[in-house]
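Hi,

Here is the structure I promised to pass on. Could you have a look at it before you set anything up? My notes are underneath.

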Amino acid sequence: MKAVVLVGGFGTRLRPLTLTTPKQMLPLVDRPMIEYAIGALKGGGVDEVVLSLGYKDDAFRAAYPDAQCCGIPLSYAVEPEPLDTAGAIRFAADFAGIDETFVVVNGDVLTDLDLPQLWQRHHETKATATIALTQVEDPSRYGVVPTDAQGQVLGFVEKPPADTAPTNWINAGTYVLEAAVLDGIAKGRRVSIEREVFPRIAAAGGLWAVRSDAYWIDIGTPATYLQAQLDLISGVRGSAAPAISASAHIDPAALVQRSVIMADAVVAAGAVVHDSIVMAGAKLAANARVESSIVGTNAVVDHDARVVGMSLVGDGVLVGANQHLVGARLPASRLPASN
Ligand code: GDD
Ligand code: MG
């Protein structure tokens, strides 16, 4: 079973963290996010992965120079320019010579969903494409997928305006596709699988879906990137991962609660950390306060500074003594309305 893993997006919603590291190479507690995605595919029976790359592809090559990840061979399909989701799938499949039924996943999703079940249902229904669905409270920032009682997809609406979604079952970002889907994707231009390809296959009656209530989170926003890690350390998904790296140094007079402290980070006396991520090599000086926020690799929060309310501090950035960041990004990042 071959899988294309989409990892070429710009990760704009996670700037400034993604200015230096592509989204799927950002760490989740103790390893890059991509390793969770590939590990899950391996558990589901995938034995070959094609990484669909664009933005900062070198970071992936540097991390897996022998083209192996989690014991699975990788190939690197690098787009000359961003082709959007379907364009990227076509490019990667052509690159890897895929000519049979295959799997596609959004590489920024952390999930325990049952891939063999999706694969089996795809074959039972003789679908052209089959999508895993998950249920969320606010479907407006996802692909919304109404189905009939058997799971045949009635339509596909990407990011509908708030309160207009016909259902709160959404595209979980894992698909089984027939190779024939590739022929319907124009070459060499941007094509969205969500806005163009799935609506067309649904209209032709070939799109099916399988609902899943397994753990699922898309780590594309600061809040979900943080939440995914708090879930890993609290054991929501099974055994809890250690929250504090063995090489971190936390002063006995510091207070750290519900937070991840990564390798070689330092938390000085009087500092307080709640519901936050302190990335590798970061330093929190005396009486610094970090709450519901993310402090990037090798960043420094100087004494008596506050980083609160879902603030993001970029790699190597200094938050000066007594400075207060509330829901802020440093350096400031201009964020487009979507993505
Ligand atoms: N190679 C490549 N080229 N990859 C891309 C490109 C591109 O042009 N654009 C996006 N990607 C990758 C991203 O890196 C990410 O892993 C994946 O495609 C999905 O893009 P996101 O930008 O994260 O999309 P989203 O989260 O807003 O929405 C998508 O995921 C939701 C579930 O997590 C859609 O598929 C929704 O329908 C879905 O509900
Ligand atoms: Mg996403």
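A word on metal donors before the ion itself: I count N, O and S atoms within 2.8 Å of the metal (3.2 Å for Na, K and Ca), and water is not among the atoms, so sites may look incomplete. With that cut-off, the protein donors of the magnesium ion (ligand 2) are Asp108 (OD) and Asp218 (OD), at 2.1 to 2.4 Å. The two come from distant parts of the chain, 110 residues apart: aspartate 108 sits in the loop between β7 (102–106) and β8 (109–111), and aspartate 218 in strand β14. Helices (H or I, at least four residues) and strands (E, at least two) are DSSP runs, numbered from the N terminus. Both aspartate 108 and aspartate 218 are buried, where buried means under 20% relative accessible area, exposed over 50% and partly exposed in between (1.4 Å probe, protein chains only).

Some housekeeping: this is a predicted model, in which local features need pLDDT of at least 70 and side-chain atom pairs count only at pLDDT 80 or more, while totals for chains, interfaces and linings use all residues. Residues are numbered from 1 along each chain as its sequence is written, chains are lettered from A and ligands numbered from 1 in the order in which they are written, and side-chain values use heavy atoms, with hydrogens and water left out.

Now ligand 1. It is surrounded by 27 residues, the closest being Glu79, Glu158, Asn171, Glu194 and Asp218; to count, a residue needs a heavy atom within 4 Å. That shell divides into nine nonpolar, nine polar and nine charged residues (nonpolar is Ala, Val, Leu, Ile, Met, Phe, Trp, Tyr, Cys and Pro; charged is Asp, Glu, Lys and Arg; the others, Gly among them, are polar).

For polar contacts I take pairs of N or O atoms within 3.5 Å; within protein, one must be able to donate a hydrogen and the other to accept it, and residues adjacent in sequence count only if both atoms are side-chain atoms. Oxygen atoms of ligand 1 have such partners in a backbone N or O atom of glycine 9 at 2.9 Å, a side-chain N or O atom of asparagine 106 at 3.0 Å and a backbone N or O atom of glycine 107 at 3.3 Å. Of the 740 Å² of accessible area that ligand 1 has on its own, the protein covers 94% (Shrake-Rupley method, 1.4 Å probe; for residues, only the protein chains shown count as cover).

Away from the ligands, serine 259 lies in the loop between β16 (255–257) and β17 (260–261) and is buried, at 3% relative accessible area. Its side chain reaches the backbone oxygen of glutamine 257 at 2.8 Å, and a polar atom of that serine 259 side chain is 3.0 Å from the backbone nitrogen of aspartate 275.

Finally, the backbone. Most residues other than glycine have a negative phi, and most peptide bonds are trans. Please check these exceptions:

- Arginine 15 to proline 16 is a cis peptide bond, with omega near 5 degrees.
- Leucine 330 and proline 331 are also joined by a cis bond, with omega about -5 degrees.
- Lysine 159 has a positive phi, near 45 degrees, and is partly exposed at 36%.
- Asparagine 298 has a positive phi too, near 60 degrees, and is partly exposed at 47%.

Cheers
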